[in-house]
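This briefing introduces a structure to a reader who has not met it before, and it takes up the sheet and then the pockets.

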Amino acid sequence: MIKELVRNKIGIIYLDRADKINALNLDMIYEIYDILEKWKDDGRIRAVLFDSLADKGFCAGGDLKEVYEDYLTNDKEDDKDKFFRTEFELDKYIERYKKPVISHWFGITMGGGIGLTINSDIIITDETTNWAMPETRLGFVPDVGVCKEISKLPQALGQYLALTGSSLGASDLIKYDLADFYIKSSKYEDIINKLFTLSDEYEGDKLIDEFRKILENNENKENTSKIEDDLGKIEEYFSLDSYRVIYEKLKANTSDEFARKTLANQNERFPFMLSLQFEKYFLCKDLTYAETIDLDYEILKYSVELGSMEEGIRVTMIDKEDSAKWPIKSIDEVDMGKVKDLLGIDKTYEERLSN
């Protein structure tokens, strides 16, 4: 499921689970860690490249079907959080890794695959990329520390992406500083071969600087935006002061096609986690990456205890039903006191604005 290769002093970690679009399981996480640990003090390795051997994309996220079967519904497993705890420790390890890391995002790039590589020194993307954090559909919130990056986006866009799980294309990723270089997929192999040539001569920051020059000379300017046409509507509906106000405005404007479709999207999701994610966007602006991912872990543990993760995965991936039986059925039932407790905040965003 993981293939390692060393070429011209570049250590390559290929995700190689094509039938699952490289959905990460615990064995893959352990193997990635072991490879990185082996390479960290190896003078023959000057940089690490994360790539994929799956045609459909870089990574579909965590293997949540396996999490459902091996942990959430397995009565013999007491440690229900083991997968996420281990995954998050790997993500933090990569963020601290002393050697340069380069990553290749293409095709399906979601969830845990984003978290694995979000702290790379260089992220390369191409016209095939379909980037998303769809966790609110699964009974929890965007995790793996990615909310730290989402919190840097303009308010309406950050809220929209996190609350709806909507996708971005390569030109969006560049525009909003979520990736570094957008190239044509047809040029990728040639560009990476130049990295292998550079690594014979350079290392560390100098290697990254020289490789950046190659990438700058091959940037693709084609528009692959998945949101450009909706930016006005996104601003209209998602720049508001509370999740309840967003929801009520969508509900009041169903003659607007964007509002109607977005309301249907939100009605599929767990109201408690939507309310929490709205507040989390603002909180993560003031957190470090490590603090963000530690908060993600606490929220995930709560979603496991509450049963919302189990139900979200069941309805989406196991039974593939149209609607979930959430522990809380409507926005009116959301306990904002519990939201505040989980996030460690005294006031909601709306309450802070009113003072």
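**The sheet and the two largest pockets**

In this predicted model, six strands form an open sheet in the order 1-2-3-5-7-9, with mixed pairing. Strand 1 (2-7) and strand 9 (181-183) stand at the edges with a single partner strand each, so one side of each has no neighbour in the sheet. From one strand to the next, the twist averages 20°.

**Sheet**

- Strand 1 and strand 2 (residues 10-15) run antiparallel and are joined by six bridges, and Ile2 stands opposite Leu15 in strand 2.
- Helix 9 (residues 204-216) lies across strand 2, strand 3 (47-52), strand 5 (101-105), strand 7 (122-126) and strand 9, and this helix runs at about 20° to strand 7.

**Largest pocket**

- The largest pocket holds about 530 Å³ of space, and of the 26 residues that line it, Ala23, Ala60, Gly62, Leu64 and Met317 are the closest to its centre.
- Two or more lining residues come from each of helix 2 (64-72), helix 3 (82-96), helix 4 (111-117) and helix 15 (308-318), and helix 3 gives the most, with three residues.
- By class, this lining has twelve nonpolar, five polar and nine charged residues.

**Second largest pocket**

- The second largest pocket holds about 290 Å³ of space and is lined by 20 residues, of which Tyr247, Asn267, Pro271, Lys329 and Ser330 lie nearest its centre.
- Helix 11 (243-252), helix 12 (257-267) and helix 13 (271-283) each supply at least two residues of this lining, and helix 11 gives the most, with four residues.
- The lining of the second largest pocket divides into eight nonpolar, four polar and eight charged residues.

Note on methods:
Residues numbered from 1 in each chain as written. Predicted model: local features only at pLDDT ≥ 70, side-chain atom pairs only at ≥ 80, totals over all residues. Heavy atoms only, no water. Pairing = 2+ DSSP bridges. Axes fitted to C-alpha atoms, helices over the stretch in contact; angles between N-to-C directions. Contact = heavy atoms within 4.5 Å. 1 Å grid on protein atoms, 1.4 Å probe; cavity = no way out; pocket = protein on both sides within 12 Å on 5 of 7 lines; lining within 4 Å. Points joined across faces, edges and corners; volume = space filled by probe spheres on them. Nonpolar A, V, L, I, M, F, W, Y, C, P; charged D, E, K, R; others polar.
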